[in-house]
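Here are a few exercises to work through with the model open in your viewer. Try each task before you read its solution.

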Amino acid sequence: MKSLCIAISMLCGIFDDVYSKFNYVSDIEQYGMDYKVSFAHAVKNGRDFRGDCDDFVYTMRDLLNEQGYYTETHLVRTYVLSGSDLHVVLKVRENNEYYMVDNRYPAIRTWKNGMSGSKYTLDRE
């Protein structure tokens, strides 16, 4: 994984910073309902944040968009043996390659490796 992050060092640096500040908590537990929010401002000010997968993705999206990255949010289904739950990940383009940003995995992966390694399927809902 180290060689991948040499090639995409800014993306990995932003991911590492956000991942280190992220503490998972469900929206139901934190807000009592589904709630989507970016914590980019907190991260830029060096603060930790609590949220779920969409909060992590929106935070990464906002920070990466500020740096000129092209991003897409994707709703995926987790592997059937792990519950077949809905989950949100971020697809990021750098040069001619696409990468996955995923709060469930502690490093950046290529989009293809992320989808196949986590056994995600794109949700069509």
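**Exercise 1: A buried aspartate**

At 3% relative accessibility, Asp 27 counts as buried. Keep in mind that you are looking at a predicted model.

Task: Work out where Asp 27 lies and which residues it is in contact with, leaving aside its neighbours within four places in sequence.

Solution. Start with the secondary structure: Asp 27 belongs to helix H3, which covers residues 27-31. Next, apply the burial cut-off of under 20%; Asp 27 has 3%, so it is buried. Now list the contacts beyond the sequence neighbours: Gly 32, Met 33, Asp 34, Tyr 35, Asp 52, Asp 54 and Asp 55. Look at Tyr 35 in particular, since its backbone nitrogen lies 3.0 Å from a polar atom of the Asp 27 side chain. Finally, compare sequence and space for Cys 53: it is 26 residues from Asp 27 in sequence, and the C-alpha to C-alpha distance is 9.6 Å.

**Exercise 2: A nonpolar patch**

Task: Find which residues form a nonpolar patch on the surface together with Tyr 31.

Solution. Begin at Tyr 31, which is placed in helix H3. Its relative accessibility is 32%, so Tyr 31 counts as partly exposed. Then add its partners: Met 33 and Tyr 35 complete the patch, and the three residues have about 290 Å² of accessible area together. Two of these names should be familiar, as Met 33 and Tyr 35 are also among the contacts of Asp 27.

**Exercise 3: Reading the sheet**

Task: Give the strand order of the open sheet and identify its edge strands.

Solution. The sheet has 5 strands in the order E6-E5-E4-E3-E7, with antiparallel pairing. At the edges are E6 and E7 (121-122), each of which pairs on one side only. Now take E3 (residues 70-77) and check both of its pairings. With E7, E3 pairs in the antiparallel sense over 2 bridges. In those bridges Val 76 is partnered by Leu 122, and Arg 77 by Thr 121. With E4 (residues 86-94), E3 pairs in the antiparallel sense over 8 bridges; here Tyr 70 has Arg 93 as its bridge partner.

**Exercise 4: Salt bridges**

Task: The structure holds 6 salt bridges. For the pair Lys 44 and Glu 66, state which parts are tied together.

Solution. First check the geometry: the side chains of Lys 44 and Glu 66 meet with an N to O distance of 2.8 Å. Lys 44 sits in helix H4 (residues 40-44) and Glu 66 in helix H5 (residues 53-66), so this pair ties together parts that are 22 residues apart in sequence. Glu 66 counts as partly exposed, at 48% relative accessibility.

For another case, take Arg 61 and Asp 62, whose closest N and O atoms are 3.0 Å apart. Arg 61 is partly exposed at 25%, and Asp 62 is partly exposed at 23%.

**Exercise 5: A buried arginine**

Task: Decide whether Arg 109 is buried or exposed, and find which side chains it joins in polar contacts.

Solution. Locate Arg 109 in strand E6 (residues 109-110). With 7% relative accessibility, Arg 109 counts as buried. Its side chain makes a polar contact of 3.4 Å with that of Asp 102 and one of 3.0 Å with that of Ser 118. Asp 102 and Arg 109 also meet in a salt bridge, and both of these residues are buried.

Notes. Residues numbered from 1 in each chain as written. Predicted model: local features only at pLDDT ≥ 70, side-chain atom pairs only at ≥ 80, totals over all residues. Heavy atoms only, no water. Buried < 20%, exposed > 50% of the residue type's maximum accessible area, 1.4 Å probe, protein only. Polar contact = N/O pair within 3.5 Å; in protein donor to acceptor, adjacent residues only side chain to side chain. Contact = heavy atoms within 4.5 Å. Patch = residues over 30% accessible without salt bridge, like charges linked within 9 Å, V, L, I, M, F, W, Y side chains within 5 Å. Areas by Shrake-Rupley, 256 points an atom, 1.4 Å probe, with all protein chains shown as cover. Salt bridge = Lys/Arg side-chain N within 4 Å of Asp/Glu carboxyl O. Pairing = 2+ DSSP bridges.
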